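Please read the following report with the sequence and the model side by side. It looks at cysteine links, at the overall make-up of the chain and at its nonpolar cores.

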Amino acid sequence: MMSSQSLLLLLLSVGVSAVEVQRPRGVPLSKREFYEEGKPFTCLDGSHTVPFDRVNDDYCDCQDGSDEPGTAACPNGSFHCVNAGFRPTFIPSSRINDGICDCCDTTDEYNSGAACQNTCRELGRKERESLRAMAEIAREGFQLKQQLIQEAKRALEDKKVKVSELQVSKKDLEEKVEAMRTVKETAEQPEKEAKERHLKAWEDQKALIRLEKDKTKMAEVFLELDDDADGFVSVAELLSHSEFDSDSDGLFTEAEAQEILGAVDKVDTVGFEAIWNTIKEKYISEAASDSPAPVETLQEEIREPVPDNDSEPYPEDDVPDDEEDEDEEDEDDDTDDEDYKRPPTKQTQEKKDDDEGTMPPYDQETQNLIDAAQKSRDEFDESERALREVDDQIKNLEKEISFDFGPSAEFAYLYSQCYELNTSEYIYRLCPFNRVSQKPKYGGSETNLGTWGKWAGPEGNIYSMMKYEHGTGCWQGPNRSTTVRLTCGKETVVTSTSEPSRCEYLMEFTSPAVCQEPLDTVVHEHEEL
């Protein structure tokens, strides 16, 4: 791709030629030597030689059309527009004398009678003004680029110094972390031991509470079983409690009652202690057995539906899902009611804790150890956090230092910056070396148009394009991607965005970092005669 400076030099830096070079109509100066008047003409493809008077005789003799550069006789011929004052160009010979002015100097319509005006000088003037403006932009942009390069050099040195300083800080923090780890572990050991002592004391206290409750319960049960209040529990008195049935055959026999008491017929309170552990889990208080049915049982009975003679029950296959779910829940409820050995609920456990009391607060000595250990943990966590932050800073700086920001790091100023372009529908956002996104202007989620991939310009000008890849996937299509084309400009700005192919976006971006050193040329009016 030709740069603006090269184009300016090619088009506008030639001197004015005052001498008109004679040659057949439609022949460019570069091919004048092949058309010598008075000598036979050899077709430019070498296929045929004809007398010179057959050149431009409106009859095609050469297969390549080179004998008719100024007529429309050959379908594959081309006509050279001199366009003095503007740029010379070629047009297909079929456009010669077709009544339409293709050459700004009107030379293609020499025999059609078309009313053409020579506009070459005006076009040349406008182009030279445009190129002068481009040259000025390039000159100012290049000056800004030199400033960017110097700033990038200073910033690079600052980053290297900063990394060195952070490396020293990191080493100090690593030592501090290890020291704080030792302090923490040292403080946690007595804390752990003190907590364990406190817990053991509480467990011992609960065991005593449970033992006292068990003794009280044993005394109450003894009094309930001693029906005749003679101070003994006999075989006959045990027989009234069928829950002691050892073989679960539904019959509690005298032999089974005797087996509970052992070798004696009756036991006093001292002897009762020996059999208490055998019966206490099975024992049901007479007061409890005589009490009304539990509320839950009554509710279950009430919940049972009463069939309506006027309504037809659902066929088995037509039972609604809701009712099936309810049936399953009822089955689960029934199972829960029957499962009298299920684990205690949270409420039951809380009640148990309430009966035993709550664990008392730590004594002052233990609390001091806990506070000291917590303080050391907090200080250790803080030192670790500081170390992580320093480590992250070092990694980020090293990434910037090693990143390819151009031959002289002229693109480094774009790092961590973002630039937006507002259109009628969307807001496009370019964050160089990071990502490109698109967001609806009037609400909606953001779409990722690609994350940084690589420099993607052609060989010799690789820094003229950026490639952003692996964006949000298109519906039944590929992942979105964006090519950013960079051009010289005094300002850093996104100028346009398009979608040349489905899910593939093109973004135009101007930056002084792209500007090349301008050529010292004097702009002249081009003349070819």
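## The disulfide of C81 and C103

C103 is buried, with a relative accessible area of 2%, where buried means under 20% relative accessible area, exposed means over 50%, and partly exposed lies in between, for a 1.4 Å probe and protein chains only. Its partner C81 counts as buried too, at 0% relative accessibility. A disulfide, that is, a pair of cysteine sulfur atoms within 2.5 Å, joins C81 to C103 with an S to S distance of 1.7 Å. Because the torsion about this S-S bond is about -45°, the disulfide is left-handed. C81 lies in strand 3 and C103 in the loop between strand 4 (89-92) and helix 2 (120-225), so the pair ties together parts that are 22 residues apart in sequence.

This is a predicted model, in which local features need pLDDT of at least 70 and side-chain atom pairs count only at pLDDT 80 or more, while totals for chains, interfaces and linings use all residues. Residues are numbered from 1 along each chain as its sequence is written, and side-chain values use heavy atoms, with hydrogens and water left out.

## Other disulfides

The structure holds eight disulfides. One of them is formed by C60 and C74, whose sulfur atoms are 2.0 Å apart, and with 115° about the S-S bond this link is right-handed. C60 is partly exposed at 27% relative accessible area, whereas C74 is buried at 1%.

Another disulfide joins C488 to C515, with 1.9 Å from S to S. The pair links distant parts of the chain, since C488 is in strand 12 and C515 is in the segment after strand 14, 27 residues apart. Here C488 is partly exposed, with a relative accessible area of 30%, and C515 is buried at 0%.

## Overall make-up and cores

The protein has 10 helices and 14 strands; these are DSSP runs numbered from the N terminus, with helices (H or I) of at least four residues and strands (E) of at least two. Buried residues make up 30% of its 529 residues.

A nonpolar core is a set of buried Ala, Val, Leu, Ile, Met, Phe, Trp, Tyr and Cys residues joined through side-chain atoms within 4.5 Å. The largest has 25 residues, and those with the most contacts inside it (contact means heavy atoms within 4.5 Å) include F411, L430 and F509. Among the elements that give two or more residues to this core are strand 8 (426-431) and strand 14 (504-511). Apart from it lies another core, of 18 residues, among them L225 and I275.
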